[in-house]
Amino acid sequence: MKKKSGKSPMKLYTQDEVEAAVAALIASTKRVRRSLKLLEIVHNLEIALTEYGSLSKLADAIGISSEMLRQFSRVDKLSQPVKQLIADGAINGVDVADRLSRLPVTDQLPVANAVIHGNLTSNDVRAIVSLRKALPKEKIGKVIERVKNSRSIKQYVIEFLIPSHKTKEDIRECFARA
């Protein structure tokens with residue numbers, strides 16, 4: 001039996017539970033369409049870590065990068081309302097969950113809701129994380145709007161400043177002059 005790690009009271013897992021958790025991680029972390037929900041993966045990750053001790057050792061055992069496992073482990077750092085959205089299936093992507101976990105707890109739910117309503121993409125959430133670091137006192141709603149507005153600016157540059165009739169050489173020449 002292995003002891004449970006983490007903040008909650010110690011729990012023992014049988015070898016069968018550990019092996020089942022590792023098998024579930026192997027089956028669910030190497031696919032884009034996972035058979036388990038994110039919170040189930042996090043639970044299995046917690047169990048497996050009691051045996052392997054580190055994300056690096058576990059990653060080697062199941063054959064994925066330790067960074068990918070780290071992304072799954074960050075799901076546990078989300079606020080309870082955001083975890084509930086994940087449990088309900090409203091958010092499925094580990095990349096979005098990982099990026100949300102990098103925001104202050106008070107910012108996570110408003111950004112998660114914007115993702116759910118189709119107003120933000122995973123790349124937008126990444127930009128929000130960066131902008132939030134630069135503007136820690138700005139209201140999260142304003143940070144979201146700034147990211148959404150910058151997305152329009154990028155689209156403008158692509159669509160209007162680089163017309164589709166230009167060749168690759170024309171575009172390279174434009175950037176060389178800039």
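Helix 3 and helix 4 cross with a right-handed sense. This is a predicted model. In it, helix 3 (residues 55-62) packs against helix 4 at an angle of about 115°. The two axes lie 8 Å apart. From helix 3, the residues in contact are Leu-55, Ser-56, Leu-58, Ala-59 and Ile-62. From helix 4, they are Ser-66, Leu-69, Arg-70 and Ser-73.

**The chain as a whole**

The chain has 178 residues, and 34% of them count as buried. Ten helices and two strands make up its elements. Both strands come at the N-terminal end of the order, and the ten helices follow. Take the contacts between residues at least 6 apart in sequence: 51% of these join residues at least 24 apart. About 11000 Å² of the chain is exposed. Carbon and sulfur atoms supply 54% of that area.

**Confidence**

The mean pLDDT is 85. A value of 70 or more is reached by 79% of the residues. Confidence is highest in helix 7 (residues 105-116), at a mean of 98. Confidence is lowest in strand 1 (residues 2-3), where the mean is 50. Where pLDDT is low, predicted coordinates should not be read in detail.

**Salt bridges**

Side chains of opposite charge can pair when their charged atoms come close. How many salt bridges does the structure hold? There are seven. Three of them are set out here, with the N to O distance for each.

| Salt bridge | N to O distance |
|---|---|
| Asp-98 and Arg-74 | 2.8 Å |
| Arg-132 and Asp-107 | 2.6 Å |
| Lys-148 and Glu-145 | 3.5 Å |

Take the Asp-98 and Arg-74 salt bridge, at 2.8 Å. Asp-98 sits in helix 6 (residues 94-101) and Arg-74 in helix 4 (residues 66-74), so this pair ties together parts that are 24 residues apart in sequence. Are Asp-98 and Arg-74 buried or exposed? Both are buried.

Next comes the salt bridge of Arg-132 with Asp-107, whose closest N and O atoms are 2.6 Å apart. Arg-132 belongs to helix 8 (residues 122-134) and Asp-107 to helix 7, so the pair ties together parts that are 25 residues apart in sequence. Arg-132 and Asp-107 are both buried.

The salt bridge between Lys-148 and Glu-145 has an N to O distance of 3.5 Å. Both residues lie in helix 9 (residues 140-161). They are three residues apart, about one turn of the helix. Why does Glu-145 count as partly exposed? Because its relative accessibility is 38%, and partly exposed covers the range between under 20% and over 50%.

**The network around Arg-74**

Some salt bridges share partners, and they join Glu-67, Arg-70, Arg-74, Asp-98 and Arg-102 into one network. Arg-74, one of these residues, is found in helix 4. Its relative accessibility is 15%, so Arg-74 counts as buried. Which residues does Arg-74 touch, leaving aside those up to four places away in sequence? They are Glu-67, Asp-98, Ser-101 and Arg-102.

Helix 4 thus appears in two settings. Its Arg-70 is among the residues that meet helix 3, and Arg-70 also belongs to the salt-bridge network. Its Arg-74 pairs with Asp-98.

Methods:
Residues are numbered from 1 along each chain as its sequence is written. This is a predicted model: local features need pLDDT of at least 70, side-chain atom pairs count only at pLDDT 80 or more; totals for chains, interfaces and linings use all residues. Side-chain values use heavy atoms; hydrogens and water are left out. Helices (H or I, at least four residues) and strands (E, at least two) are DSSP runs, numbered from the N terminus. Buried means under 20% relative accessible area, exposed over 50%, partly exposed in between (1.4 Å probe, protein chains only). Contact means heavy atoms within 4.5 Å. Accessible areas come from the Shrake-Rupley method with a 1.4 Å probe; for residues, only the protein chains shown count as cover. pLDDT is the predictor's confidence in each residue, from 0 to 100. A salt bridge is a side-chain nitrogen of Lys or Arg within 4 Å of a carboxyl oxygen of Asp or Glu. Axes are lines fitted to C-alpha atoms, for helices over the stretch in contact, and angles run from 0 to 180 degrees between N-to-C directions. A crossing is left-handed if the near helix is turned anticlockwise from the far one by less than a right angle, and right-handed if clockwise.
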